[in-house]
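Got the viewer open? Let's walk through it one selection at a time.

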Amino acid sequence: MTNERPINFGAGPSALPETVLEEACKGLINFQGTGIGVAEISHRSKEFTSLVASLESNIRTQLDVPPTHKIIFTQGGGTGQFSAVVLNMLARHRLLHPDLSDEQRVMDYVITGSWSKKAETEAKRLGGASVHIVVDASTKSKDSKSFDAIPAHEDFDFSADPALIYYCENETVDGVQFSNDEQSSASFPFHLLPAGGLWPLVADYSSSFMSRKIPRIADHAVIFAGAQKNIGPAGLTILIVRQDCIVDVDAAAKLGAIPVPITMSYKINADAGSLYNTPSTLSIYIAGLVLERSKQLGGVVYFESLNGRKAQKVYAALREGETKGAYRSKVKEGSGSWMNVVFDVLGDNAESRFLAGAEALGMMALKGHRSVGGIRISLYNAITEEQTDRIVAYLKDFATQNA
């Protein structure tokens, strides 16, 4: 690898550390001295099962995952989990409350962006319970349809005994994020959750997984994340599931719950050690390399500090550009994402000139999501502080020249 590689600011599949890519190239030819590449070796070999165990250990240690929770590796991405969490959590609720009708069962959804909205839409499509909107951030925006801030805590309305409470920690399309600071108005209102029992709290952490600690991790029923942001190539999905939510879905089906496809059953996957069927071997291998590197650097504590500095620099440059009339943020202050900074470039043909200028300097994949347009700067773990400084310098130069 050389320093001449472009900087990938894409939202996913996103950048991977160059040292990891170099090591992965070796493993594609000869994995752990077997003479067989990791993409060819049996997923039931002792070498690969050891790799899976090591990856699980690194996640558990670096995130302080409690023994009450299982770590499961599966496929299907976040979109697959939009379905799986509904089916598994409804099965659990059916076993706990077999006499309730589907209309009496409730699933709570916190809508703060495009991804949580898609998850809510899938929950309605699957049925098996009514869907209650805890809060819809779009209704609080200026145009009553965009997502530009996390609503105030007093706007959240949780059900008394929902089968699940769903939220997305980081909405990558919109750049809106729950703060890591529980004193912030943009933090998830844990104190408002229904009293008593174990909370059926489900969180999509795809865009910020392994970038910092997860607040109140033990209070979550299910946390899931696609690997293609901070951890590895697309194809691997990581679940952290509280053991009381790993239930016999077939027993629930006999009581009237929706049958769960076998590859979506948390129990089937957990009992098989994530190896019920052939997993995404290459994705798991590279994720293992990434998290070994993370451990050597200091784990999520290191990355939380690094990512905080990166985001602070980019937002400072964006605010400076806003005062010059060059940029306009898509997100209100206080709700901005550490991982994805989204904004518009103002002026005739200015966005095209911004993208062309960045590409000429070796900075790629800055165009915003097709649904919202604009610019999106993704600052995942593999983006270094030096690379961040380069985009910051460009933001400042472009704003000065186009004020």
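Start by selecting helix 2 and showing the side chains of Glu47, Phe48, Leu51, Val52, Leu55, Asn58, Ile59, Gln62 and Leu63: they are buried (under 20% relative accessible area with a 1.4 Å probe, protein chains only; exposed is over 50% and partly exposed lies in between). Now look down the axis of helix 2: the buried residues fall within an arc of 145 degrees, so they line one face of the helix (the arc uses directions from the helix axis to the C-beta atoms).

A word on what you have loaded: this is a predicted model, where local features need pLDDT of at least 70, side-chain atom pairs count only at pLDDT 80 or more, and totals for chains, interfaces and linings use all residues. Residues are numbered from 1 along each chain as its sequence is written, and side-chain values use heavy atoms, with hydrogens and water left out.

Swing round to the other side of helix 2 and pick Lys46 and Thr61, which are exposed. Next, add strand 2 (69-74), strand 10 (237-242), helix 7 (281-297) and helix 8 (299-323), the elements that the buried residues of helix 2 pack against (contact means heavy atoms within 4.5 Å). Just after helix 2, click aspartate 64: its phi is positive, near 55 degrees.

Last stop: select helix 9 (residues 350-360) and helix 10 (residues 385-401), which pack at an angle of about 140 degrees with their axes 11 Å apart. To see the contact, show Ala350, Arg353, Phe354, Gly357 and Ala358 of helix 9 together with Tyr394, Leu395 and Phe398 of helix 10.

Notes:
Helices (H or I, at least four residues) and strands (E, at least two) are DSSP runs, numbered from the N terminus. Axes are lines fitted to C-alpha atoms, for helices over the stretch in contact, and angles run from 0 to 180 degrees between N-to-C directions.
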